[in-house]
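Please open the model in your viewer and keep the sequence beside it, so that each selection can be followed in both. The tour goes from one stop to the next, and at each stop there is something to select and something to look for.

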Amino acid sequence: MSEIHETIEKAQEGEHSQYFNRRIALLIAVLALFLSFSETLGKSAQTEAIGANVESSDLWAFFQAKSVRLTQINTAQKQIDAWKKTAARYDSEPSTGEGRKELAERAKEAEERRDLALAKYHHYELASAAFQVGIVLASAAVITGIVALAWFGGALGIVGLGLTALGLFAPHAVHLIAVL
């Protein structure tokens, strides 16, 4: 008899357990529904906040631009004469050498110095290459015993000396010959 009683109790517990599980499942479903509402409303509010932030930022930027323009116009009306004097000074200022005319002259002089330095540089680079190849050939002559390599290396050394002399004393000479 106690077995029957235990079986009935287990059956009642099973029914109670199924009923309890159904109620929990229903609670989870309702919570999930409210979660989806909350998430949707939250995203909508976030999008609206971003849009309103952009709009307010744009309006403040427009406000600031108008303020700057207003200040510029007010200042410009008072500064026209001073600006005309400044413009004349910008065009030519012999006392400091920093007017447009003086700066143009200084820039042309700097370009000439640059062109001279580049002409020298090209000769020195070619001279360096000649010396380097000459050194390699002379070294190879020592290793191989081929005398012609030493002669050719020496000849490249003379070419290097010539290019160095051109760089020192007549850096534009080769360029002038090419132009003629």
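Begin by selecting Trp60 and Phe63, which are three residues apart in helix H1 (residues 2-91) and are therefore separated by about one helical turn. Please keep in mind from this first stop onwards that what you are looking at is a predicted model. A pair of aromatic rings is described by the distance of the centres and the angle of the planes. The structure holds one aromatic pair, and with ring centres 5.3 Å apart and planes at 85°, Trp60 and Phe63 make an edge-to-face pair. Are these two residues buried or exposed? Trp60 has a relative accessible area of 56% and is exposed, while Phe63, with a relative accessible area of 48%, is partly exposed; the cut-off for exposed is over 50%, so the value for Phe63 places this residue in the class in between.

Now zoom out until the whole chain is in view, and colour the chain by secondary structure. How many helices and strands does the chain have? There are four helices and zero strands, and, read from the N terminus on, the order of the elements is α-α-α-α. If you switch on the surface, you are looking at about 14900 Å² of accessible area, 66% of which belongs to carbon and sulfur atoms. Of the 180 residues of the chain, 10% count as buried. Among the contacts in the chain with a separation of 6 or more, 47% are between residues 24 or more positions apart.

Go back to helix H1 and select Ile28, which lies in that helix. Ile28 counts as exposed, at 52% relative accessibility. Add Ile24, Leu27 and Leu31 to the selection, and you have, together with Ile28, a nonpolar patch on the surface with about 370 Å² of accessible area.

The next selection is Asp91, together with Arg100 and Lys101, and here it helps to show the side chains as sticks. The salt bridges in the model come to a count of four, and one of them is formed by the side chains of Arg100 and Asp91, at 2.8 Å from N to O. Asp91 is also in a salt bridge with Lys101, where the distance from N to O is 3.8 Å. Because Lys101 lies in helix H2 and Asp91 in helix H1, this pair ties together parts that are ten residues apart in sequence. As for accessibility, Arg100 counts as exposed at 57% and Lys101 counts as exposed at 53%, whereas Asp91, at 26%, counts as partly exposed.

Move along to Arg114 and Asp115, which form a salt bridge with the closest N and O atoms 3.0 Å apart. Arg114 counts as partly exposed at 46% relative accessibility, and Asp115 is partly exposed too, with a relative accessible area of 36%. Looking back for a moment at the previous stop, you can see that salt bridges with shared partners join Asp91, Arg100 and Lys101 into one network.

Keep Asp115 selected, which lies in helix H2, and add Pro171 to the view. How far apart are Asp115 and Pro171 in sequence and in space? Their separation is 56 residues in sequence, and from C-alpha to C-alpha it is 9.6 Å in space.

With Pro171 still in view, finish the tour at His123, whose place is in helix H2 (residues 100-144). His123 has a relative accessible area of 5%, and is buried because this value falls under the 20% cut-off. Which residues is His123 in contact with, once its neighbours within four places in sequence are left aside? Select Leu163, Leu166, Gly167, Ala170, Pro171 and Val174, and you have these contacts of His123 in front of you. For a last detail, look for the backbone oxygen of Pro171, which lies 3.0 Å from a polar atom of the side chain of His123.

Terms used: Residues are numbered from 1 along each chain as its sequence is written. This is a predicted model: local features need pLDDT of at least 70, side-chain atom pairs count only at pLDDT 80 or more; totals for chains, interfaces and linings use all residues. Side-chain values use heavy atoms; hydrogens and water are left out. Helices (H or I, at least four residues) and strands (E, at least two) are DSSP runs, numbered from the N terminus. Buried means under 20% relative accessible area, exposed over 50%, partly exposed in between (1.4 Å probe, protein chains only). A polar contact is a pair of N or O atoms within 3.5 Å; within protein, one must be able to donate a hydrogen and the other to accept it, and residues adjacent in sequence count only if both atoms are side-chain atoms. Contact means heavy atoms within 4.5 Å. Accessible areas come from the Shrake-Rupley method with a 1.4 Å probe; for residues, only the protein chains shown count as cover. Rings of Phe, Tyr and Trp (its six-membered ring) pair if their centres lie within 6.5 Å; planes under 30 degrees apart count as stacked, over 60 as edge-to-face and the rest as tilted. Patches are made of residues with over 30% relative accessible area and no salt bridge: like charges are joined within 9 Å, nonpolar side chains (Val, Leu, Ile, Met, Phe, Trp, Tyr) within 5 Å.
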